[in-house]
Every structure is written in structure tokens, then in C-alpha cells.
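Reader: I'm in my first year and still learning to read structures. Could you take me on a close look at one part, the place where ligand 2 sits?

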Amino acid sequence: MGSEMPSGEPSQPPPRHIAIIMDGNGRWASTHDKPRHAGHRAGVRVARAMTRACVEAGVEVLTLFAFSSENWQRPAEEVNGLMRLFVEVLQREVNELHANGIQLRFIGARDQLSELLRRRIAAAEAKTAGNARMTLVLAVAYGGRWDIVQAARRVAAKVRAGDMDPQDVDEAVLGRHLALSGLPPPDLLIRTGGEQRVSNFLLWDLAYTELFFSPVLWPDFGLPELSRAMDFFRQRQRRFGRTSGQVEALAD
Ligand code: IPE
Ligand code: IPE
Ligand code: MG
């Protein structure tokens, strides 16, 4: 276990999986009299720094929400700029991520992405597939509802093919068909930018995640705020439906 908390305070081991809704790039840009795209570019620098910080903190999985199913509704100029940025960042960062032992994994509706971006994604995943120091999951064209639908569709196809009985479809089966399959669920969700909502992120996987809402706009997010989030997490008692007494007895 990590450092002792003051008496009576629960103390968690550090989160294995952190998920982040990186929000506030547009507002950051307006407060600096810049176009929204400048906010997204600044956001990439922070994503890079937070990836490094999480590797150093021993986090096993970092999932970053980069573009939601609903973000397609933004003006074409912003959407195209973001897609170009993803292509550019992948190209630029993949070697360094690989050198640092990071495995890249993408979740989202790939068929909605350009051929070029899909190729870059496939190449980045293939190149880093053998890495085990940390998994960096990038959610692009991702929605929690999309995820549940695509899982249900694949399970239904197996049932129709006669490979599975409807009675055998349970939480574990559905979970194995979801985008984060094989990874531990997020322990800690951080949302920056002040909004206190999930915005169709990992709906299934967040069932027992601790939620940390930060007022800081994503381009201003840094180590001090990450460490506030970690402190918040450390002080939670995770009960998973049990009573405090039961949880304390289990910890002894
Ligand atoms: C998050 O920042 C990045 C994406 C959704 C792509 P926003 O672009 O939503 O920034 P705000 O919320 O408008 O400030
Ligand atoms: C959530 O942010 C999506 C990402 C950070 C990628 P939004 O800015 O799209 O969320 P809403 O629209 O404020 O709920
Ligand atoms: Mg936003």
C-alpha cells in the first residue's frame, strides 16, 4: 500500500486505470483571443505531458477522450482541423511512445474516419502491440452508446450463427465485446473544464469509477491538478455495494 493517510482516512492503492475527458480547449482559446484550433493544439501538449506523468506514476492504462460521436456535429472546419491534428500527432509521436514501452489502442467507430487516419491508427497499434509498460487508449469517434450497440450487434451475430445461446449472454459476455475488453475498468475519471457530466463517454465501464471534476481548462491542466485528482482518489473508500464495515474487515 502507498503512504498512510491521517487516521481514519481510507487510503487506496494508486489507480490502475485513469480515464480523462479532456474538455475546455475552445474556452481556453477564446480567453487567449485565439481560434479554437489553437486550443486543440495546446491540448495535445498537455495530453503528451499527462501521458508521461501517468507512465511515471505507474498507471497501467490511460484512456483519453479525444473526439466523441457527437463531436461530428461541430462546424466542418473544426472537425477537419481535429482530424488533421490526429493524423499529424500520430505520425509525430508514435516512435517516442514506442520507445517508452507504451502500447497504443484506439476505441471508436473507425469506419467513420478517413482512410489515411485509419491506416495511421492500424500502423501505430501494430508497431506498439508488444509494449507492456502502459496502455494508452485513444477514444476517437467514440460514444458509450455506440460501444454498447456494437457489442450487442456482435453478440447477436454469434447467437444467430448458433455459436451462443441467448441465455448465455451475461455481463461478462457483453463486457468481452466492448471496446475496453481485456483492460481493467477505469478507477478514476477526470473531467476538466468545469462540466459535471459524462457526455457519452465509457457508459458501461464507469459503473464503479470514482469521478473527479476539475474546473481547470484542459490546456491549463498540469501536474498540480493531476496530483489533486490522485489525492481525491486516495481518499475514497470503494465499497462496490458493500458496507463500510465489510470493506474495512476485508482490508484487515
Ligand atoms: C474538448 O474541448 C476537445 C474536444 C471535444 C474535441 P472543447 O473543444 O469541447 O472545448 P470547450 O468545451 O468548447 O471549451
Ligand atoms: C466531451 O466534450 C468530448 C471530448 C472531450 C472529446 P464535449 O465538449 O463534446 O462535451 P459537451 O458537449 O460539453 O457535453
Ligand atoms: Mg467542450
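Author: Here is a walk around ligand 2, followed by a look at the empty spaces in the protein.

Please keep in mind that this is a predicted model. Start with the neighbours: ligand 2 is surrounded by I21, M22, D23, F65, A66, F67, N71, R74, R191, R197 and S199. Sorted by class, this shell holds five nonpolar, two polar and four charged residues. Strand β2, which runs over residues 61-68, gives the largest share of the shell, with three residues.

Now zoom in on single atoms. In the side chain of S199, an N or O atom is 2.6 Å from an oxygen atom of ligand 2. D23 has a polar side-chain atom 3.2 Å from an oxygen atom of the ligand, and for R191 the distance from a polar side-chain atom to a ligand oxygen is 3.3 Å. Taken on its own, ligand 2 has 390 Å² of accessible area, and the protein covers 78% of that.

Next, step back and look at the space itself. Rolling a probe the size of a water molecule over the atoms shows where empty space is left. The space that ligand 2 takes up is the largest pocket, with a volume of about 1,000 Å³. Its lining is made of 48 residues, and those nearest the pocket's centre are M22, A47, F65, A66 and W218. Several elements each give two or more residues to this lining: the helices and strands α1 (25-31), α2 (36-56), β2, α3 (76-99), β3 (102-107), α4 (115-128) and β4 (134-142). Of the lining, the largest share comes from α2, with 10 residues. By class, the pocket lining divides into 24 nonpolar, 10 polar and 14 charged residues. So you can find M22, F65 and A66 twice on your tour: they are among the residues surrounding ligand 2, and they are also among those nearest the centre of the largest pocket.

Finally, which residues line the largest cavity? A search of the whole structure finds one cavity of 30 Å³ or more, and the largest cavity holds about 40 Å³ of space. Its lining consists of F106, I107, G108, A109, R110, L113, I121 and V140. Six of these lining residues are nonpolar, one is polar and one is charged.

Notes: Residues numbered from 1 in each chain as written. Chains lettered and ligands numbered in written order. Predicted model: local features only at pLDDT ≥ 70, side-chain atom pairs only at ≥ 80, totals over all residues. Heavy atoms only, no water. Near = heavy atom within 4 Å. Polar contact = N/O pair within 3.5 Å; in protein donor to acceptor, adjacent residues only side chain to side chain. Areas by Shrake-Rupley, 256 points an atom, 1.4 Å probe, with all protein chains shown as cover. 1 Å grid on protein atoms, 1.4 Å probe; cavity = no way out; pocket = protein on both sides within 12 Å on 5 of 7 lines; lining within 4 Å. Sits in = over half its atoms within 2 Å of the grid points. Helix = DSSP H or I, 4+ residues; strand = E, 2+ residues; numbered from the N terminus. Nonpolar A, V, L, I, M, F, W, Y, C, P; charged D, E, K, R; others polar. Points joined across faces, edges and corners; volume = space filled by probe spheres on them.
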